Each structure stands twice: as C-alpha cells, then as structure tokens.
Amino acid sequence: MTAETTLEPVTNPRASFVRRLPVVSHFNKSVGLQRFMLVVGLVLTGIFLLTALAAPLLAPYGFAQLSDADGSFPTQQAPGGKHLLGTTVGGYDVLSRVIWGTQTALMVIIVAVVLSIFAGVILGLVSGYIGGWLDRVLVVVADAIYAFPSLLLAIVIAIVISGGQSSLLGGILAAAASITVVFIPQYFRVIRAETIRLKAEPFVESAKVVGASNVRIMSRHIFRNATRTLPLIFTLNASEAILTLAGLGFLGFGIEPSSAAEWGFDLNKALADVTSGIWWTGLFPGLAIVWTVLGLTLVGESINDLNDPRLRGRRRTSRKAVPAGPAATEPAADGPGTETELSNP
Amino acid sequence: MTTLIDAPPSDADALLPPTKKQAGGGLGQYILVRFLLIFPTILILVTMVFFLMRVTGDPITAAMGGRLPPDQLQERIHAAGYDRPLLVQYFEYLGQLATGNFGTTLSDNRKVIEMLTTYGAATLELAINALIVALLVGIPLGMIAAHRRDHLPDAVLRILAILFYATPVFFAGMLMKLVFSVWLGWLPVAGRAGTRTELSLTALEAPTGIYWLDALRSGNTAAFSDVMSHAVLPAVTLGLLTAGVFLRLVRTNVIGTLGKDYVEAGRSRGVSEFRLVTKHAYKPALIPIITVMGLQIAVLLGGAVLTETTFEWKGLGFQLANYLTARDFVAVQGIVVLLAVIVAVTNFIVDIIAALIDPRVRY
C-alpha cells in the first residue's frame, strides 16, 4: 500500500485480488482528508462490529437484568460506582443496554440489507432486461414507494408484521422487513439502470448469438457487471437501517426491552427524563447511534467520492506549482476504468 | 430519510413512450404526462396502505378488541360493513376518497378531514420553519465548502454535514432540549405555544392554524414572541438534518460547475470570486438542487413525525403516533393518504420547475 500503487485503476486485471476488493482499492486511491475520513469510518465501524461480537464479554450485566446478588438495581441512578453510565427509569443498566444494542443493530442491518439486495437486485435485473410493460409498472411502483416518507412506511409494515408481539426474532424480522420495503426501490433503480445500459453491450449480444438462455445472461453476464456499485449502497443503507430502526423504536414500534436492547426504544423512555435534567439515560444510547451511523456513513461517503472522478481528491504533485488553484489541476477526463457515477443511474 | 446518494433523478423520462421523444414534445405535453403520473403514485400508496392495514384484521377489532364483549364487537363490525369482502371495501374506500370523504376516526370520533386540516397546519408550520433553517444554513455553507475545496473550511463543513446526517432528529432534539430548555432555561421545553397564547390564537376569527401567521395578523406581539420561542428548537432540529443534505448537494454541484470553462472565462474578465461562486457557478447547479429539494419534502415529513413527538408539537406526526398506539387505522389511513398526495404533488411541481429552468429535461 505504498503511494505508487494508488494510481492503478480499480479494474486493472493485473492487480492482485486483495487490491481489487472494494474497500481496499478505495483506500489505495484515497489521499489526504478522504483517506482520513475513510480510516475514521473504518475504525468506528470496526469497533462497532467488535463490540457486537464481544457483547457477552463486554457488558457488565444482561440487557434485561434488573438485579444482581446485592439486590435490585436503583432506578435513575447517576453514572458512577457499580453502574458506569447510570441506570434507567426502569432500573436497567445503561452501559449494558448500549453494548447489547450493538448486537440488535448488527442483526437488523444484516437481515435488512441482505433481504433488500436479494429482492431489489432480482427485480432490477428482470425489469431492466425484459423491459416492456412490466418494467413500466415496476418503475412507477418503485418511484411511488421511494418518494414516500420511508419511516411511515416502515411503521405500517412493522404493525402488520409484529402486530403487537415483541419477541427478539419477531422484532428483528419486523424491523428488518420494514427497512427492506423501503430499500428495495433504491437497489431496484440502480440495478435496473445498469442492466439497461449493459443490455446493449456487445458481450450480451454475443452471448445471445451463442445461444445462452435469458436466465444465464442475466445471472452471469449482466449481474456480475451491474453490481459494482453495491458496496456503496450497502454502506449507505446500513447506516439508514440503523436510523430507521432507531426511529421505529423511538416511536414505540421496535423491540421490547425484555427481549433485546434497542437504542431507539431506550431514547423513547429517556425523553421524559430529559425534562427533569436526567441526561445519562438518553445521551449514551443516542451517542451509540451517532457513532455507528457516522462510521458507516464515512465509509460509504468516502467510497462514493472516490468512485466519482470529479470529487476524488487529487494528490498535489508539485504544491503551489499552479497558482490558479484546484480548478486548474482538474483531471481532463474519466479513465475508462473508473466506476460509473451513482448520481445518474 | 433518504440516503446521501446524490440526486436520484425522477424516472419520468423512462416512462415516456419513445415516440414522444422523437416528436419533440412541448412543455404542455410534458406537464400533462407528469400530471397524469400523480394519480398512479397516489393510488399505489393508498392501495398498499389499505391492504397492509387490513391484513391484520378489521379496524374495529384492532381499536376496541378486548374492551368489548365479542357479540357487541361483531355487531359494530357488521354495522360498519367491515365483514364484507375486502375488495368491495377497497373500492368503496376509493370511491369515498374520490369524493373527499375520509371517514370518521374510531378512537375520538372526529371527521378525519377536519383532523387533517387542524394538525396539517401545525406540521406545515414546522416544515416551513425547518426548510427556512435548512436553506439559510445549507446553501451558503455549501458554497463556502465548494469554494474552499480541499481546504480546512471544506473539511470541517463536510464532517459537520455527515454529523448532521448521522444524528437522529429525536436525539438532536433531546440534546437541544436538555441544553437550551432544561439547563440554560432559555427556551420552552415543548409544545407550540403557551396556554394563554394558544387560547388567544384559537379565539381569532378564521385562524389559519399557522401560529406565527395568526399572531402577526392579530398584531399581538407577546403572542408572536411566545410562538417564536416555541418554534426555534423544533425548527433548528429538523432544519439541521436537511441542511446537511443541502450543504453536500450544493457543494458537489457547485464544484462541478466551478470547473467549467465559462467560470474560468469570467475569472479572466475580473469577475470577483464571490460573484463567480454565488452567480456563475451556483445558478446552473440549481437543477439537481431543486430536484433533491423535492425529494427532501418526504424526508422532512418523515423527520417531522419524530420531531413532533420529541417536542410534543401537536401536528400530523404527533397525532399519527397517537393514532397508531390506539390502533385507529381509519385515522392512520387518512394521514398516510394526505402525505402521499403531498409527496406526489411536490414531486410534480419539482419536475415542472426543473423543466422550466432547463429545456433539456423535457426533450
């Protein structure tokens, strides 16, 4: 990862496999502030992932634990002593709930994003490849869903799915499914646009001539090429999934405190505390959300900027050599190997 | 909440039959096609919400289940017609919507349309206030970031924009409440106005429901300052969320236009850097900004639900949360339909504005 290798285009077939991996290739392309943001994002996300995996070891108490050997936990106790971050109005340990919350968040992200990639990619491929009235109908439906406030849609879905039940699995599935419905249109749009572009490429024609079936062309030839932008949407959607989950929890449609720790729900309970000056019950779960979303967004943002040659930071080869400033050193054209812009699918 | 992906353009172009493209198609035709597209959008959302809410059962069982004996429950379900086939009910509901009849809420027995206008005004007020904050903060900061690209101000502003996005509105609202209302005591904790102001404003003749407008009309300065002090925190909370998006958007697009030849030409003619950024580079960058502003309306409405709950701002979002808890599906459907109409109409207006600014959009 020396400075010289950063000039390689992403799709250079001679580059080693590791270097062509999404995040690694982006790291190599980045300079200055962009690299800093990418690294900060990766560190924040890494700590989040580690916390989620090691939650049973890190958390001093269970997420629904109300008492230990010495008796019941005090309620609304200020941070310090046995409870590092204090206790909530219900008597839960704030630190433990923040730590266990990472697990819930991670599970919801994974289920939601996997479900929506699966559905969105298939719909996008089919819609873009087959075209015709099916395509038109799907586009109108996706646009309608996309335009609607996603949180409201998520609430409606959450009610339908959970219908009041609040088990861990049920809650996570309900939250993930509500997020999925909101995300499918986004994956659909991107993949469809790519598919339409790729459909006209000579290699698809030749595959047709050779007699490949439509399913094979879609799954082998187009899918492989159309999914290059997915890492970007993945990170951006992961952060949005957290925000949607927290929003659902805040409005009281999340997961009950006895079945899992969920930051949004804790914030909902903390809202009343704030008026009486109790800050610790809301501050820490809130910071956990900001931490996670910030980490994922920084990674996604950096990838987005690095994919766009107009936004990619440029290495100043000779500092102050050109008095006109940044505009004069603008790269003339996109290299053929640069990835497509997401802004114009 | 949308992603930070830049300007997902409307897919209207994909929907237009190719023949229109060849024919050239006037602005009138474009507007007509876009206008007709409003209806399927609304219809799809209404249909989705209707069937989703009915999957779980009829509204009366949902609202009253457990509180009434089964035979009385059956009687009320039958009286309201909820035991008929779902499709019959669906078409009846569509027919009612077409004539502007949204039904009556189950939990507090109010006309839905009346409920929508009362609380809609509050949400409109919040959205306008937030939009003003977002534009005032987002656009100038975006220009500064673009102008000082890759320098310290740009770095700080970009991180700030991401931070705005990463902070959930309800958490931001909670923190502001804690600092400015509880600790410093500068601003009221919650609500839209003090009790006395609220009474004096509702006593007005033909109130608009937008409090600061009503207070201005009545010339009541005490009421006006009271309303304003209540409006600050919710507006800033919701506005900053959107401001982050505007900042990024203005930055990206102004950077794109700043690299153009005519900007360079302007610079060589001695046009000031300030004028270059605010006029030459900013104006052509407006189209994607307007498009995304339209999409931000949906974000703003979604954020309004959370902001209103945080600040007990009695608008549509606050009521929606209440009605959801009460499982009053008739009221929920009414609110969702109204929001769907708002979103569809806004997108239509945005597309028309974009077409007026840039003829290329309409072919």
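How many residues does the contact take from chain B, and how many from chain A? The contact takes 57 residues from chain B and 55 residues from chain A, where two residues are in contact if their C-beta atoms, placed from the backbone, lie within 7 Å. This is a predicted model, in which local features need pLDDT of at least 70 and side-chain atom pairs count only at pLDDT 80 or more, while totals for chains, interfaces and linings use all residues. Residues are numbered from 1 along each chain as its sequence is written, and chains are lettered from A, with ligands numbered from 1, in the order in which they are written.

On the side of chain B that touches chain A, the largest share, eight residues, comes from α3(B); helices here are DSSP runs (H or I, at least four residues), numbered from the N terminus, and strands are runs of E of at least two. The residues of this side divide into 40 nonpolar, 12 polar and five charged, with Ala, Val, Leu, Ile, Met, Phe, Trp, Tyr, Cys and Pro counted as nonpolar, Asp, Glu, Lys and Arg as charged, and the others, Gly among them, as polar.

The unreviewed UniProt entries list transmembrane regions in chain B and in chain A; such annotations may be inferred rather than shown by experiment, and their positions are given in the numbering used here, with feature names shortened. Some of these spans are set out below.

| Span | Helix | Strand | Distance between end C-alpha atoms |
|---|---|---|---|
| Chain A, 36-59 | 92% | 0% | 30 Å |
| Chain A, 105-130 | 100% | 0% | 37 Å |
| Chain B, 231-250 | 100% | 0% | 26 Å |
| Chain B, 330-357 | 100% | 0% | 41 Å |

The largest nonpolar core has 201 residues, and among those with the most contacts inside it are A:V108 and B:V254. Such a core is a set of buried Ala, Val, Leu, Ile, Met, Phe, Trp, Tyr and Cys residues joined through C-beta atoms within 7 Å, and a residue is buried if 20 or more other C-beta atoms lie within 10 Å of its own, exposed if 12 or fewer, and partly exposed in between, with C-beta atoms placed from the backbone. Helix α12 (residues 221-258) of chain B gives the most to this core, with 19 residues. Leaving aside residues up to four places away in sequence, A:V108 touches A:I172, A:A175, A:A176, A:A241 and A:L245.

In helix α14 (residues 273-281) of chain B, the buried residues are B:L276, B:V277, B:H280 and B:A281. Seen down the axis of α14(B), they fall within an arc of 120°, so they line one face of the helix; the arc is that of the directions from the helix axis to the C-beta atoms. On the other side of α14(B), B:F274 and B:K279 are exposed.
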